[in-house]
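Hi everyone, thanks for coming. Today I'd like to walk you through a structure that may be new to you, so let's put it on the screen and take a look together.

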Amino acid sequence: MRLPRSGAGWTIAVFGLLALLLGALGLIWPETQLRLLGFEVPAERAPGDYTGTFLTASSMASFNMGVYYLLAVATEWRPFYRFTVWFRLVTFTVFTIAVLSDVAPDRFFAVAAWEGLGALATAAGLWWDARRATPAGAVSAPEPAPATDAAR
């Protein structure tokens, strides 16, 4: 895999790699993942407790998302970068509401903060990349006329 070619690409690569690694962690050592998130790890689960099933599903989703993000970096797919900014802000909002409404433990706010800060970092990277690409005061050149119109 090639290294990111832009500031925004680096933010996407970091998030993608962490999503991939944390997804793998949840698949291999689910109890460790639960502890990192601040959830209880009882010695025995009650019948009907599908925590393990849900953790497997969300860990696999995280692993896959990491692959998608790294693929976007390898192809420098900038529309994907912009898309992630908005949806990571949505994720920040949903996770924050989960903590504030006592659906998730307070420690889970770290996940919300990671999403929000990641969205802001990618937005800043996109802004920085755009500024580097266009020198201050420069006006972009007009589009060339199609070949059929050039002969007129």
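Let me begin with a question for you: which residues does Ala-72 touch, not counting residues up to four places away in sequence? The answer is Trp-77, Phe-80 and Tyr-81. Please keep Ala-72 in mind, as we will meet this residue again.

Before going further, one caution: what you see is a predicted model.

Now for the overall picture. The protein has 6 helices and 0 strands, and reading along the sequence gives the pattern α-α-α-α-α-α. There are 152 residues, and 30% of them count as buried. If you take the contacts with a separation of 6 or more, 72% of them involve residues 24 or more positions apart. As for the surface, about 10,200 Å² is exposed, with carbon and sulfur atoms supplying 69% of that area.

One pair lets you see such a separation for yourself. Trp-128 and Ala-8 are 120 residues apart along the chain, yet 8.1 Å separates their C-alpha atoms. Trp-128 is found in helix H5, and this tryptophan is partly exposed, with a relative accessible area of 42%.

Let's move inside. In soluble globular proteins, nonpolar side chains tend to be buried together. Here, the largest nonpolar core has 12 residues, and Ala-72 is one of them, along with others including Ala-8, Phe-15, Tyr-69, Phe-80, Tyr-81 and Leu-126. Helices H1, H3 and H4 each give at least two residues to this core, and the largest share, 5 residues, comes from H1. So two of the contacts of Ala-72 from my opening question, Phe-80 and Tyr-81, are core members as well.

Next, the pocket. The largest one holds about 970 Å³ of space. Its lining is made of 32 residues, and Leu-37, Ser-62, Phe-95, Phe-108 and Val-111 lie nearest the centre. Two or more lining residues come from each of helix H1 (7-28), helix H2 (30-36), H3, helix H4 (78-100) and helix H5 (109-133). Which element gives the largest share of the lining? That is H3, with 9 residues. By type, the lining divides into 21 nonpolar, 8 polar and 3 charged residues.

Let's zoom in on one of those residues by the pocket centre, Ser-62. You will find Ser-62 in helix H3, which covers residues 51-75. Is Ser-62 buried or exposed? Ser-62 counts as buried, because its relative accessible area is 18%, and the cut-off for buried is under 20%. Leaving out residues up to four places away in sequence, Ser-62 touches Ala-19, Leu-20, Leu-22 and Gly-23.

Finally, two loop residues with backbone angles to look at. Glu-76 sits in the loop between H3 and H4, and its phi is near 50°, a positive value in a residue other than glycine. Asp-102 is in the loop between H4 and H5, and although it is not a glycine, it has a positive phi of about 60°. What about their surroundings? Glu-76 is buried, at a relative accessible area of 17%, whereas Asp-102 counts as exposed, at 66% relative accessibility.

That's my tour. If you'd like to explore on your own, try finding Ser-62 in H3 and then Ala-72 among the core residues. Thanks for listening!

How values were computed. Residues numbered from 1 in each chain as written. Predicted model: local features only at pLDDT ≥ 70, side-chain atom pairs only at ≥ 80, totals over all residues. Heavy atoms only, no water. Helix = DSSP H or I, 4+ residues; strand = E, 2+ residues; numbered from the N terminus. Buried < 20%, exposed > 50% of the residue type's maximum accessible area, 1.4 Å probe, protein only. Contact = heavy atoms within 4.5 Å. 1 Å grid on protein atoms, 1.4 Å probe; cavity = no way out; pocket = protein on both sides within 12 Å on 5 of 7 lines; lining within 4 Å. Points joined across faces, edges and corners; volume = space filled by probe spheres on them. Nonpolar A, V, L, I, M, F, W, Y, C, P; charged D, E, K, R; others polar. Areas by Shrake-Rupley, 256 points an atom, 1.4 Å probe, with all protein chains shown as cover. Core = buried A, V, L, I, M, F, W, Y, C linked by side-chain atoms within 4.5 Å.
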